Amino acid sequence: MKTFGIAILGCGTVGSGVAKILLDMGSVLSERSARPIELRKIVDLSPKKSSEKNNIPLDLFCGGGKDLTPDEASGYISEIISDKDVDLVVETIGGTGDYLFSVILDAMKAKKHVVTANKAMLAERGSAIYQTAQENGVTLGYEASVCGAVPIIKAIREGFTGDEVQEISGIMNGTSNYILSKMELEGTDFKSALKMAQKAGYAEADPTLDISGGDAGHKLAILIRLAFGKEIEYKNLRKEGIQDIEREDIELANEMDCSIKLICYARKVEGRIAASVKPMMVKRNNLLSKVHGATNCVEVINKYSGRHYFMGAGAGGPETASSIVADIVFTARYGTVVDNSTPLRQLELVDADQFEFPYNITFSTADRPGVTGLVTTAIGAQKINIDTVSHNRHNRKEAVFSVATMPCTMQQIKDAVATIRKDSPELLTEEPKAIPILQ
Ligand code: HSE
């Protein structure tokens, strides 16, 4: 059978991982593909650096091994797109720019399959990409775009086609989870933990995407499309990150037998999709609370088959590369058997805050008699049922305590806080922090 030719665009952390696996496992991968597969070309701006760092033969790089200008690189990319010996293009450049967007579309129009880890591109500009793949009868492989090596796309797309996904909740950003785990288990401060995550190759080129919830939001948007058939406007997805989480929040969560995790959440409720990315307190009897480091874990709840967990390496070069290679092998073997045309539905996207959750609200207050009573009275007046009130910490010039509630909405909490501010303007020394509790 004809050799299946592959080209890699961008040979950084993930792209070089793909090259290495293809070179290391070549004959086994060809067996699994039931046809010879061959890495034919790599385009990268700094071939020598990448070749030396990753032990990839220099002659695989376009341009004879010399550093390329962006114009030269784009010339080689055009050659690849029209090269009949290239069947599949791996896109590991990253970003959402117009140039890369047209490279992906042009490759598909030239009947090349495309495999990518580019969650930002799919979440923000994916519609035309899915459509172009379908129109041109080529496969778009994007397993690596969500949760690195964890095969969550295949699980939902193939494994659950006989069921209906009702809820997804999960840890989908390795960097944030790594930072929160370091803070919780080792007392590391936020900045040092972030540096360690960057050094380990988990963080995005721009790590603000990781800690602001943006990267997790990209992944959730992709899963919402796949699982619920809802193509969302990414900007309309509510995203909060971990940048405001302090040691004190983690300690208070600990006292309540919870861990703080950055949770991607989406649930189908009466024709609507309630979704958000935000830090949540996760009860210790929930598996997600025990997921530490850069590990990702996604819980999927289905109508007929119930609860499932998918856990594994969610970030890192070789880990993400292994997912890309899986898509390459699958495409080489089955061609366009996989149709990515998820039937789309008219569903409204709403902020998960509009629905009820139990919350933990931390109050920093003036340290004087009657304060706890004033706060809990204001909460009760909003018909919020209180579950627990923690002890007061008198560790600064103020008293800090938290109130755990039974399920209520964020609006009820905001109204309670507004009442406290109105009735006792000097009482709150900081904005109260309300974190939903995932049971
Ligand atoms: N920066 C991402 C993370 C890598 O930390 O999860 C995988 O998308």
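**Note on the ligand site and the sheet**

1. The ligand is surrounded by K119, N173, G174, T175, Y202, A203, E204, D210, D215, K219, G314 and A315. A residue counts as near the ligand if one of its heavy atoms lies within 4 Å of it.

2. This is a predicted model: local features need pLDDT of at least 70, side-chain atom pairs count only at pLDDT 80 or more, and totals for chains, interfaces and linings use all residues. Residues are numbered from 1 along each chain as its sequence is written, and side-chain values use heavy atoms, with hydrogens and water left out.

3. The shell around the ligand holds 3 nonpolar, 4 polar and 5 charged residues. Here Ala, Val, Leu, Ile, Met, Phe, Trp, Tyr, Cys and Pro count as nonpolar, Asp, Glu, Lys and Arg as charged, and the others, Gly among them, as polar. α8 (174–186) and α11 (214–228) each supply at least two shell residues. Helices (H or I, at least four residues) and strands (E, at least two) are DSSP runs, numbered from the N terminus.

4. Polar contacts to the ligand are pairs of N or O atoms within 3.5 Å. A polar side-chain atom of E204 lies 2.6 Å from a ligand nitrogen. A backbone N or O atom of Y202 lies 2.7 Å from a ligand nitrogen. For N173, a polar side-chain atom lies 3.4 Å from a ligand oxygen.

5. The sheet is open, with 5 strands in the order β2-β1-β3-β4-β5 and parallel pairing. β2 (37–43) and β5 (140–141) are at the edges with a single partner strand each, so one side of each has no neighbour in the sheet. Strands pair if DSSP finds at least two bridges between them.

6. Parallel strands β3 (residues 88–91) and β4 (residues 113–116) are joined by 4 bridges. E91 stands opposite T116 in β4.

Terms used. Polar contact = N/O pair within 3.5 Å; in protein donor to acceptor, adjacent residues only side chain to side chain.
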